[in-house]
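Reader: I'm new to this and would love a close look at one part of this protein, the sheet and whatever sits around it. Could you walk me through it slowly?

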Amino acid sequence: MKIGITCYPTYGGSGVVATELGIELAARGHQIHFITYSQPFRLTGREANIFFHEVTVTNYPLFEHPPYDLALATRMAEVAEFYSLDLLHVHYAIPHSVSALLAKQMLADRNRTLPIITTLHGTDITLVGLDRSYLPITRFGIIRSDGVTSISEYLCDRTREAFNVTSEIAVIRNFVNCDVYVRKPELVAAMRPRFAQPNERLLVHLSNFRPVKRVLDVIEVFARVSRALPARLMLIGDGPDRSLAEHLALHHGIQDRVHFLGKQDNVNELLPLADLMLMPSEMESFGLAALEAMACSVPAIATRVGGVPELIDDQINGLLFEVGDVDSMADAAVRLLLDQTRLNELATAARKTAQDRFCASRIIPLYEDYYRRVIDRT
Ligand code: GMT
């Protein structure tokens with residue numbers, strides 16, 4: 001198939017899923033066209049079967065807000081026509097589904113069909129889409145798409161209830177490439193000394209440092225852990241709450257024990273170095289960061305929110321807590337980090353969950369089947 005993909009290329013889990021999906025589909029012989037404002041950050045630009053089409057927004061003194069959505073729609077229509085795309089798959093409803101609908105109409109005027117699929121990721125439904133100014137257009141984008149998928153059962157239910165959507169929403173969960181995200185002992189032995197001494201435990205957090213991720217809770221939990229045992233924390237990612245997190249680390253006097261790594265390309269090499277992940281989010285429609293850690297045999301201490309319980313079975317492959325309960329999270333982390341047998345049990349179960357239920361090799365065929373169904377009925 002020839003598939004167009006649009007996403008936010010530089011920021012957030014939806015862009016990661018879209019990019020990894022494109023890479024996996026290309027490896028299975030499909031021709032993939034990314035239509036985005038910059039090259040998705042997990043692409044090298046050297047992958048076979050992958051093409052990148054930049055969306056440039058022409059500015060004009062009259063435009064206080066340059067119309068990105070229209071530039072995107074135009075580019076979508078151009079690429080779809082030039083390369084005879086079989087379908088366009090957009091990630092994150094706003095504004096991508098609406099731009100895709102415009103592109104579809106532009107092509108219909110030229111007697112060409114362009115099926116469009118929208119994948120809902122989270123804040124497009126739970127936060128931004130619920131804003132009164134965006135709700136009607138988000139609903140319109142969803143109900144007029146030829147196919148809609150959601151990354152968890154939770155998000156599917158939320159969408160139905162918040163947007164009064166009765167049409168089909170296929171649940172296709174987030175995935176991870178279990179060959180890429182895997183603990184390789186030689187690599188861990190070589191890289192871990194950069195971040196922790198042999199007698200120290202290493203904790204990790206990975207996010208875009210938005211308030212919804214509660215990075216300050218990560219610091220609070222780690223401050224308590226490091227009072228109880230020798231430990232260090234790796235923070236991967238960047239975003240609005242980074243300075244607050246740095247300030248809080250200084251306040252607790254643990255700044256020398258915290259590695260602020262910023263955005264990193266080699267997340268698959270960094271995650272396996274850790275013993276434990278912290279994901280204390282206010283909301284996660286799925287929790288891709290935890291899945292990536294679990295595939296690397298790193299269990300997560302996380303919050304019982306949104307779609308997280310669809311990934312983490314409390315006490316089996318990770319531990320779940322209420323949002324903001326940093327004391328309980330810290331107590332549990334300390335107990336676990338002092339009990340290697342229990343930690344190994346959770347780590348093994350975490351890896352098994354990733355392999356058995358969320359491996360790319362299981363999930364990508366679900367997308368392929370869904371694409372065929374949508375193409376056949378459009
Ligand atoms: O929260 C993020 O990391 C960004 C956000 C996005 O839409 O880009 O992530 C959402 O999509 C991810 C990939 O499908 C999910 O794993 C995250 O749980 C979800 N985030 C939220 O729901 C807050």
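Author: Sure, let's start with one pair of residues. This is a predicted model, and in it Ile 5 has Phe 34 of β2 as its bridge partner. That link belongs to a longer pairing: strand β1, residues 2–6, runs parallel to strand β2, residues 31–36, and 4 bridges join them. Against this sheet packs the helix α2, which touches β1, β2, β3 and β4 (87–91). Compare directions and you get about 160° between α2 and β2.

Now zoom out. The open sheet has 7 strands, and if you read across it the order is β3-β2-β1-β4-β5-β6-β7, with parallel pairing. At the edges you'll find β3 and β7 (170–171), each of them paired on one side only.

Let's stay with β3, since His 53 is found in that strand. Is His 53 buried or exposed? Its relative accessibility is 6%, and buried means under 20%, so His 53 counts as buried. Who's around it? Skipping the neighbours within four places in sequence, His 53 is in contact with His 33, Phe 34, Ile 35 and Thr 36, and also with Arg 75, Val 79 and Tyr 83. You've met Phe 34 already, as the bridge partner of Ile 5.

Finally, follow the chain past β3 (50–54). The loop between that strand and α2 (68–82) holds Tyr 60. Together with Leu 62 and Phe 63, Tyr 60 forms a nonpolar patch on the surface, and the three share about 350 Å² of accessible area.

Note on methods
Residues are numbered from 1 along each chain as its sequence is written. This is a predicted model: local features need pLDDT of at least 70, side-chain atom pairs count only at pLDDT 80 or more; totals for chains, interfaces and linings use all residues. Side-chain values use heavy atoms; hydrogens and water are left out. Patches are made of residues with over 30% relative accessible area and no salt bridge: like charges are joined within 9 Å, nonpolar side chains (Val, Leu, Ile, Met, Phe, Trp, Tyr) within 5 Å. Accessible areas come from the Shrake-Rupley method with a 1.4 Å probe; for residues, only the protein chains shown count as cover. A salt bridge is a side-chain nitrogen of Lys or Arg within 4 Å of a carboxyl oxygen of Asp or Glu. Helices (H or I, at least four residues) and strands (E, at least two) are DSSP runs, numbered from the N terminus. Buried means under 20% relative accessible area, exposed over 50%, partly exposed in between (1.4 Å probe, protein chains only). Contact means heavy atoms within 4.5 Å. Two strands pair if DSSP finds at least two bridges between them. Axes are lines fitted to C-alpha atoms, for helices over the stretch in contact, and angles run from 0 to 180 degrees between N-to-C directions.
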